[in-house]
Amino acid sequence: MDDIDGVAEAADGVWSGFEELRHAALRSSELAGSLAGAGEERRALDAALVHELAGAGLLRTGVSRSVGGIQAPPSVMLRAAESVARGDASAGWFVAIAMTSSLLSAYLPPEGAGEVFGDPRSTAVGVWSPTARARTVDGGVVVSGRWTFCSGVSHADWLFAGCVLEAADGPPETAGPDLRVVAVPTSQLGVLDTWNTIGMRGTGSHDCEADEVFVPGHRVLSVVEGPPAGAEALYRFPLFGFFAAAVAAAALGNARGAMDDLKALAAVKKPFGSGRSLAERTRTQAAVAQAEASLRAARLLFHRSVDDAWRAAREDAPVPDAVRVGLRLAAAHAARTAAEVTASMYELGGGSAIYDMSPLQRRFRDAHTMTAHAQIKSALYEVAGKFLLGLPLRTGLL
């Protein structure tokens, strides 16, 4: 398999120092592609694939060096997720969620980071939406509640879960709810079999439930207050922006995979009554070229915006709002362009693409399931538009 956009990236310096990770992502992509149909049927990734992803370190690329991680730069992390998603969107999504969660190794107190990520095969996923409640007790908090869309939870050792910390006795705070994220072993959670969806079935994004689970204070953190003082550049990179970018990277990889699938089909399929293959038809040629241009352009903007944010994160000053907005805009645009490209490939597949056995059908469903995610939904255009028009905008979660 060549690099993600058909143009070699190995020599441009992006992967410098992380060549083994690049090769691992390419191997995992091949394996993911071969197991995609089975994973969709089981609504879970194959154990052999999870073992490969974990062993290669692809699920922990953001873990701090202080606890034995490789602390890869954003460009490497996102390209790795993109590459795996080219083989299978669900596998790439799992990598994207796990690598985003691994960034929280620097948000945890040292004791908590060591407990969660000290084992080199430990994997964490996360749902930061504060849909549970926590109350303070001696030594930590007790958490109860339920979370939806817990992608990969059946394959993970830990879940980073959002909650609202109940106020102590006294008048309510005027600044709003006290939001926290807790790291909980998945063995202490109830996993509810709820993931019956049109797409992304292999992610196994079931609901999870906690019933009076104690979490020690060293496994409690905040994602809304920003990184700890003195954090290294990777952890000064906008966290929610990285989350959106990781989701978009999976979408880009899925679109590239759809183009691969269409090209394979077009080489052998002859439409009824025609002596020419699908590839030899001018309509196919034009549509593939247009899709290629759209995907490359969106991907170029995406990775340029990631690089802009990475340069800003390495400065002493906070990442400027314009850079944060640009990153979120590029991620939303990339994901939605990827869905359009995937739909185009599906349509070109014609009757061959409508069967469950068709990878183009799966790609189409996966693409349009991904665009429902809050981090890349179309409402992000409104957020970016407000900023571009000079209107007041809260940028704390960008």
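1. Let's start in the middle of the sheet: G145 has A210 of β6 as its bridge partner. Those two residues belong to a pairing of β2 and β6, which is antiparallel and has eight bridges. Two strands are said to pair if DSSP finds at least two bridges between them. Strands (E, at least two residues) and helices (H or I, at least four) are DSSP runs, numbered from the N terminus.

2. Before going on, a word on what you're looking at. This is a predicted model, where local features need pLDDT of at least 70 and side-chain atom pairs count only at pLDDT 80 or more, while totals for chains, interfaces and linings use all residues. Residues are numbered from 1 along each chain as its sequence is written, and side-chain values use heavy atoms, with hydrogens and water left out.

3. Now zoom out. The sheet is open and has seven strands, in the order β5-β6-β2-β1-β3-β4-β7, with mixed pairing. Why is one side of β5 and of β7 left without a neighbour in the sheet? Both stand at the edges and each has a single partner strand, so there is nothing in the sheet on the other side.

4. Follow β1 next. With β2 (residues 140-150), β1 pairs in the antiparallel sense over six bridges, and T136 has V141 in β2 as its bridge partner. The two strands make a hairpin with two residues between them, and G139 in the turn has a positive phi of about 90°.

5. Which way does β1 run relative to β3? Here the strands, β1 (residues 124-137) and β3 (residues 158-165), are parallel and joined by seven bridges. One matched pair is G126 with F160 of β3.

6. F160 is worth a second look, as it also stands opposite A183 in β4. β3 and β4 run antiparallel, with eight bridges joining them. From there, β4 goes on to β7 through two bridges, again antiparallel, and V182 stands opposite V220 in β7. As general background, side chains in a regular strand alternate between the two faces of the sheet.

7. Two helices to find next. Helix α4 (residues 89-102) lies across β1 and β3, at about 45° to β1. Helix α5 (residues 110-117) packs on the sheet too, touching β1, β3 and β4 (178-185), and its direction makes about 140° with that of β3. Axes are lines fitted to C-alpha atoms, for helices over the stretch in contact (heavy atoms within 4.5 Å). The angles run from 0 to 180 degrees between N-to-C directions.

8. Is M200 buried or exposed? M200 is buried, as its relative accessible area is 3%; the cut-offs are under 20% for buried, over 50% for exposed and partly exposed in between, with a 1.4 Å probe and protein chains only. M200 lies in the loop between β5 (190-192) and β6 (206-216). Leaving aside neighbours within four places in sequence, its contacts include W93, W195 and M370.

9. Last, the holes. There are three cavities of 30 Å³ or more, a cavity being a set of points on a 1 Å grid over the protein atoms alone where a 1.4 Å probe fits but cannot get out. The second largest has a volume of about 50 Å³, and α6 (233-236) and α7 (239-268) are the elements giving two or more residues to its lining. Lining residues have an atom within 4 Å of a point, and among them here are L103, Y107 and F242.

Note on methods:
1 Å grid on protein atoms, 1.4 Å probe; cavity = no way out; pocket = protein on both sides within 12 Å on 5 of 7 lines; lining within 4 Å. Points joined across faces, edges and corners; volume = space filled by probe spheres on them.
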